[in-house]
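Visitor: Could you take me through one part of this model in detail? I'd like a close look at the nonpolar core and whatever is built around it.

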Amino acid sequence: MPSFDAVLEPNLIEIRNAVDQTSKETHNRFDFKGSSAKVDLADKLITAWADSDFQLGQVRDVLMSKMAKRNVDVRFLDLGKIETIGGDKVKQVITVKSGIPQDLAKRITTAVKESKLKLQSAIQGDVVRITGAKRDDLQTAMALLSKAITDAPLSFTNFRD
């Protein structure tokens, strides 16, 4: 029976490259000279440090532009709150989303059910598997999900006939 998986899977290599490029630029830029502006990546957490809120915003803008140049969807990034640390320095933790959370999985399954296509959807951990009798219905479901779910960069993998 034909099926495919709807997943939320970022390209971690490109994210690492974007963070490295941001780190280089913050080290070399004139307006960041003598400041503590920097960006680090540990597992799936990006941490940005700066001397002020304004400077942190600039570091974040550089990071977002580097992500866009490397074709990484910025919807993978979940911006945390800005924390004040040690005097006037600030930091922000940015989480890289990976895997479909439970509420998004439920929205995907309801969208498939409301489409009136002859498809079944099943939540399997952090993946939603959609099966059906016809390939055309599955391709229609992919297009439908791309339009219906706009707040997450869904990708479709494991397409089987």
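Guide: Let's go straight to the largest nonpolar core, which has 20 residues. The members that touch the most others are Ile100, Ile108, Val128, Ile130, Leu145 and Ile149. Keep in mind that this is a predicted model. E1, H3, E7 and H4 are the elements that put two or more residues into this core, and H3 gives the most, with five.

Ile108 makes a good place to zoom in. Skip its neighbours within four places in sequence, and Ile108 is still in contact with Ile100, Val128, Ile130, Leu145, Ile149 and Leu154.

Now for the sheet that goes with those elements. Four strands line up as E6-E7-E1-E8 in an open sheet, with antiparallel pairing. E6 (119-124) and E8 are the edge strands, each pairing on one side only. On average, neighbouring strands here are turned by 20° against each other, direction ignored. Helix H3 (residues 102-114) packs on this sheet, touching E6 and E7 (127-132), and its direction makes about 170° with that of E6. Helix H4 (residues 135-148) packs on the sheet too, touching E1, E6, E7 and E8; the direction of H4 makes about 170° with that of E8.

The E1 and E8 side of things deserves a pause. These two strands pair in the antiparallel sense over four bridges, and Ala6 stands opposite Phe156 in E8. Phe156 has another partner as well: a search of the whole structure turns up one aromatic pair, formed by Phe4 and Phe156. Their rings are edge-to-face, 5.5 Å centre to centre with 90° between the planes. Phe4 lies in strand E1 (residues 3-7) and Phe156 in strand E8 (residues 155-160), so the pair ties together parts that are 152 residues apart in sequence. As for accessibility, Phe4 is buried because its relative accessible area is 0%, under the 20% cut-off, whereas Phe156, with a relative accessible area of 24%, is partly exposed.

Since you asked about the core, there's a second, separate one to set beside it: 19 residues, including Ile15, Ala50, Leu63 and Met67. To see what is in that part of the chain, look at the other sheet. Four strands in the order E2-E3-E5-E4 form an open sheet, again with antiparallel pairing. Its edge strands are E2 (38-42) and E4, each pairing on one side only, and neighbouring strands are turned by 20° against each other on average, direction ignored. Helix H1 (residues 12-28) packs on this sheet, touching E2, E3 (45-50) and E5, with its direction at about 155° to that of E2. Helix H2 (residues 53-69) also packs there, touching E2, E3, E4 and E5, and the direction of H2 makes about 140° with that of E3.

Two local details round this off. Seven bridges join strand E4 (residues 77-85) to strand E5 (residues 89-96), which run antiparallel, and Asp78 stands opposite Thr95 in E5. Their hairpin has three residues between the strands, and Gly86 takes a positive phi near 45° there. Finally, the charged end of Lys38 sits over the ring of Trp49, 4.7 Å from the ring's centre.

Technical notes:
Residues numbered from 1 in each chain as written. Predicted model: local features only at pLDDT ≥ 70, side-chain atom pairs only at ≥ 80, totals over all residues. Heavy atoms only, no water. Phe/Tyr/Trp six-rings, centres within 6.5 Å; stacked < 30°, edge-to-face > 60°. Buried < 20%, exposed > 50% of the residue type's maximum accessible area, 1.4 Å probe, protein only. Lys NZ or Arg CZ within 6 Å of the ring centre and 35° of its normal. Pairing = 2+ DSSP bridges. Axes fitted to C-alpha atoms, helices over the stretch in contact; angles between N-to-C directions. Contact = heavy atoms within 4.5 Å. Core = buried A, V, L, I, M, F, W, Y, C linked by side-chain atoms within 4.5 Å.
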